[in-house]
Amino acid sequence: MNDRYINVVDVEATCWEKANPPGMPSEIIEIGLCVLDSHTLERVSKHSILVRPDRSTVSEFCTQLTTLTPEQVAGGISFAEACELLRTEFHADSRPWASWGDYDRKQFERQCGATGVPYPFGSRHTNAKLAFSESRGTHRRYGMEGALAISELPLEGTHHRGGDDAWNIAALVIEMMKQDAWPGATASQL
């Protein structure tokens, strides 16, 4: 099993300022993915996969948060196509992956369960938010933006855009690897 590459994933989903409208579940509208090379400690690629929602719409609140418009996501691919792309193009079913917190993993599990689409990822997921707290010896769970500030790393791109957030989370993962604080592997073992 080659663990050289890690997929860092961040999703954006339909959301509303208050409760979801009846019959409208949160659905993934963007899958951000950054491929991280754990040997060179470099971010080697950045991707933004727009996903067309089937059972919900992009609210004005969601557009304000993510900058994604209903028109943009209407031009995206289906959730099933996106999951297949993750498996075929990014080896999501065999590569370790990470996200900031468990929301992204749980959103995929919920949406796959609700739609019958096969779950695209393997079982080796790391909650980078928890790993960051543990690397700092604190119980506090920092948001990505706060963790970047503490690490004196720049916020690159637009916050709450999947591709940019995955890129920024990967920078935090690299910093933890450099400090031998990434679960399961130390820089000296890579």
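**Exercise 1. Confidence and overall form**

What is the mean pLDDT of the protein chain, and what share of its residues reach 70 or more? Then describe the overall form of the chain.

*Solution.* The model is predicted. Its chain has a mean pLDDT of 95, with 95% of the residues at 70 or more. Over residues 186–190, however, the pLDDT is below 50, and this stretch has 10 contacts in the model beyond near neighbours in sequence.

Next, take the secondary structure. The chain holds seven helices and five strands, and their order from the N terminus is β-β-β-α-α-α-β-α-β-α-α-α. The radius of gyration is 16 Å, close to the 16 Å from the globule rule for 190 residues, so the chain is as compact as a globular protein of that length. The C-alpha trace spans about 50 × 35 × 25 Å along its principal axes.

Finally, consider burial and contacts. Of the 190 residues, 48% are buried. Among contacts with a separation of 6 or more, 67% come from residues 24 or more positions apart.

**Exercise 2. Helix H3**

Check the length of helix H3 against the expected span, then find which residues of H3 are buried and what covers them.

*Solution.* Step one is the length. Helix H3 covers residues 79–90, and at 1.5 Å a residue its 12 residues should span 16 Å; the end C-alpha atoms lie 15 Å apart, which agrees.

Step two is burial. The buried residues in H3 are Phe79, Ala82, Cys83, Leu86, Arg87 and Phe90. Viewed down the axis of H3, they fall within an arc of 135°, so they line one face of the helix. The general reason is that an α-helix has 3.6 residues a turn, so residues three or four places apart point the same way.

Step three is the cover. It includes the strands S1 (5–13), S2 (28–37) and S3 (42–50), together with helix H4 (103–115).

Step four is the ends. Ser78 sits in the loop between helix H2 (70–74) and H3. With 15% relative accessibility, Ser78 counts as buried, because the cut-off is under 20%. Apart from neighbours within four places in sequence, Ser78 contacts Val51 and Arg52. Just after H3, His91 has a positive phi of about 50°.

**Exercise 3. Helix H4**

Repeat the analysis for helix H4: what are its length, its buried face and its packing partners?

*Solution.* Begin with the length. H4 has 13 residues, and from first to last C-alpha it reaches 18 Å, close to the 18 Å expected at 1.5 Å a residue.

Then list the buried residues: Asp104, Arg105, Gln107, Phe108, Gln111 and Cys112. Seen down the axis of H4, these fall within an arc of 160°, so they line one face of the helix. On the face turned away from the buried side are the exposed residues Gly113 and Ala114.

Now the partners. The buried residues of H4 pack against S1, S2 and H3, as well as strand S4 (97–99) and strand S5 (125–127). Just after H4, Gly116 takes a positive phi of about 80°.

**Exercise 4. Salt bridges**

How many salt bridges does the structure hold? For the pairs Arg4–Asp37, Arg43–Glu156 and Glu84–Arg87, give the N to O distance and the burial of each partner.

*Solution.* The structure holds 10 salt bridges. Take the pairs in turn.

1. In the salt bridge of Arg4 with Asp37, the closest N and O atoms are 2.8 Å apart. Arg4 lies in the segment before S1 and Asp37 in strand S2, so the pair ties together parts 33 residues apart in sequence. Arg4 is partly exposed at 26% relative accessibility, whereas Asp37 is buried at 3%.
2. Arg43 and Glu156 form a salt bridge with closest N and O atoms 3.3 Å apart. This pair links distant parts of the chain, 113 residues apart: Arg43 is in strand S3, and Glu156 is in the loop between helix H6 (144–150) and helix H7 (162–178). Arg43 is partly exposed at 23%, and Glu156 is partly exposed at 30%.
3. Glu84 and Arg87 meet in a salt bridge at 3.0 Å, N to O. Both lie in helix H3, three residues apart, about one turn of the helix. Glu84 is partly exposed at 38%, while Arg87 is buried at 18%.

A further case is a network of salt bridges that links Asp102, Arg105 and Glu109.

Conventions. Residues numbered from 1 in each chain as written. Predicted model: local features only at pLDDT ≥ 70, side-chain atom pairs only at ≥ 80, totals over all residues. Heavy atoms only, no water. Helix = DSSP H or I, 4+ residues; strand = E, 2+ residues; numbered from the N terminus. Expected span 1.5 Å × (residues − 1). Buried < 20%, exposed > 50% of the residue type's maximum accessible area, 1.4 Å probe, protein only. Arc of directions from axis to C-beta. Contact = heavy atoms within 4.5 Å. Salt bridge = Lys/Arg side-chain N within 4 Å of Asp/Glu carboxyl O. pLDDT = per-residue confidence, 0-100. Rg over C-alpha atoms; globule rule 2.2 N^0.38 Å.
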